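I wanted to look up charged pairs and enclosed spaces in one structure. My notes follow in the order I made them.

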Amino acid sequence: MNQEYLKFMIAYQREYFEIINEFFIGVTGKSASNFAGLDNFPEAIREMGTSLSGKNKRVMDSHKAYGTAEVKLRQLYSSKGIDAFKAAKAFDACKLNLGGSTRFYGTQLNATRRSLLYSDCVLIPDPIMPWLESARDEERFRLVQPLQAAFFLLHLMDLVSTDFDLPPVFVFPSWEKSLENGDEETRLRTLQMCTDVFSCYIDSGITDFNDVIEFAKTRPDHFLEKVDKENLFISPGGKVGESLKEAIATYKAEMRQWRTDDWNSKLFNLPDNMIVVNAICERIQPQFHLFENSDELRSHPFLCLDAHAHYFKIITNMSKQRLNNAGIWDNKTAGIVGALSSNKLDYLSNIQDSQLIDIRKTNENISFRKELRDLVNSLPETKIKDIAYVSSEVCSHIDSLVSKHEKQIQAINSKYQAKHKYSALIAGGGLAVSFMPMLTPFLGAALTFAIAAAGKYSKDKLEEINEIKTTSKSLMGVLATAKAKDAI
């Protein structure tokens, strides 16, 4: 990679994280790590709201922090944003492009950290930028959402360093909302992707988006039956495979919680068939940006939620040729990344940031990636097309590597236990001799002999500790430690 690009990426990202860190502390009065645990952000926000009651100056300072951050981020985007995007495109590496949503919360953070065991760099579309690009008047919590994104992003701050050959993560500006609102080509192409989905799965006679509306209005029952049969609608927070009735009920409940009353009053005046059209389009729109960013940045799509992956699959099934031509999709990579994000390897979440940093500094992720790629390449070609099968095989392989490491530790312990017993036997014999009255003249020699034995024990013990420590700090050692924590 061009070193100038690398220096620019590091400098851009450092400035970006400084701005959002200052923003977060300015609003909350605390650093992200001290504000709340990863699972307790909503509770901490409610507690903060209660504590600010009646403290006008503190409230004003919080609002001022929003304004300051907005000015600084807009300046950063306008002066360096385009070059940041170019830099993300410039380097050749194993890049994953996070997508499926504009959000970056706990699930995205966890998936990003896990994938760093495999990838060179995870590209993250800036999740704060969309809140500055448009008013988002439909959102009920317009102040909380960017603060929450900053909270989770700041847990990656230790990875923003000059100590790596390549930045493990890069938060890049993608201008998604600006393109949606101001670029006619983006609007038309997004509508076309939505139209193609309905044409493929609902009725082949649909050729433009007006046909989608017409079909849903004139044949509502048939439309909803097809949506249910093809599993085209997954509600926010819902599970793949939920019934359409459940999905609609969950969607309405989510909208009541997260969208404004004015927006909801307009939505709920529509019949269910039109609500479903709108909701499916809301799901497809982020997929459009994922395709575009992955293609433009020469990176592999990375989806960490089942619902997002489901919609990606819906689109890829109808446009595989496009993906193959663009060269952005690879079943092998998808299977490996899917395995790292799967519930079977949940213990990977126990890996500490310091351990992750050490792994990346030694580039162990590269050899790990090669081993996993070799595994997948050894699978039958017909099976590689099945991403679920590939993921399952990768999970099993990683578990076998961890088990092999655990046996290696046991072997080290056994080896040194034998040495310790031998040292203890010599030392015990020497001391026994030293306490026999008839051999008092030889007491000094016996003690020297015992001390020498004790010295050997100490030397062996240090060797044992060092060998175990070295082994445990390896990537497999880190995985084994993480798995052991999960079992406690």
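Entry 1, the network. I looked for salt bridges that join up, and in this predicted model I found Arg103, Arg136, Glu138, Glu139, Arg259 and Glu282 linked in a network. I then took one pair from it: the side chains of glutamate 139 and arginine 259 meet at 3.8 Å, N to O. This pair links distant parts of the chain, 120 residues apart. Glutamate 139 is in the loop between α6 (130–133) and α7 (144–153), and arginine 259 is in the loop between α12 (244–258) and α13 (261–267). I checked exposure as well: glutamate 139 is buried, and arginine 259 is buried too.

Entry 2, the total. How many salt bridges does a search of the whole structure find? I noted 22. As a reminder to myself, side chains of opposite charge can pair when their charged atoms come close.

Entry 3, a pair in α4. Glutamate 70 and arginine 74 form a salt bridge with an N to O distance of 3.0 Å. Because they are four residues apart in helix α4 (residues 56–90), about one helical turn separates them. Glutamate 70 has a relative accessible area of 31% and is partly exposed. Arginine 74, at 40%, is also partly exposed.

Entry 4, a pair in α8. Lysine 177 and glutamate 180 meet through their side chains in a salt bridge of 3.4 Å, N to O. They sit three residues apart in helix α8 (residues 176–182), so about one helical turn lies between them. Are these two buried or exposed? Lysine 177 is buried, with a relative accessible area of 16%. Glutamate 180 is buried, also at 16%.

Entry 5, the largest cavity. I turned to enclosed space and found seven cavities of 30 Å³ or more. The largest holds about 70 Å³. Its lining includes Arg103, which I had already listed in the salt-bridge network. Among the other lining residues are Leu98, Phe104, Ile124 and Pro127. Sorted by class, the lining has five nonpolar, four polar and one charged residues.

Entry 6, the second largest cavity. This one has about 50 Å³ of space. Its lining includes Asn97, Glu176, His289 and Asn293. Which element gives the largest share of the lining? I found that α14 does, with four residues. Both β1 (95–98) and α14 (272–296) supply at least two. By class I noted four nonpolar, six polar and one charged.

Key
Residues are numbered from 1 along each chain as its sequence is written. This is a predicted model: local features need pLDDT of at least 70, side-chain atom pairs count only at pLDDT 80 or more; totals for chains, interfaces and linings use all residues. Side-chain values use heavy atoms; hydrogens and water are left out. Buried means under 20% relative accessible area, exposed over 50%, partly exposed in between (1.4 Å probe, protein chains only). On a 1 Å grid over the protein atoms alone, a cavity is a set of points where a 1.4 Å probe fits but cannot get out, and a pocket is an open set with protein on both sides within 12 Å along at least five of seven lines; lining residues have an atom within 4 Å of a point. Grid points are joined across faces, edges and corners, and a volume is the space filled by probe spheres set on the points. Ala, Val, Leu, Ile, Met, Phe, Trp, Tyr, Cys and Pro count as nonpolar, Asp, Glu, Lys and Arg as charged, and the others, Gly among them, as polar.
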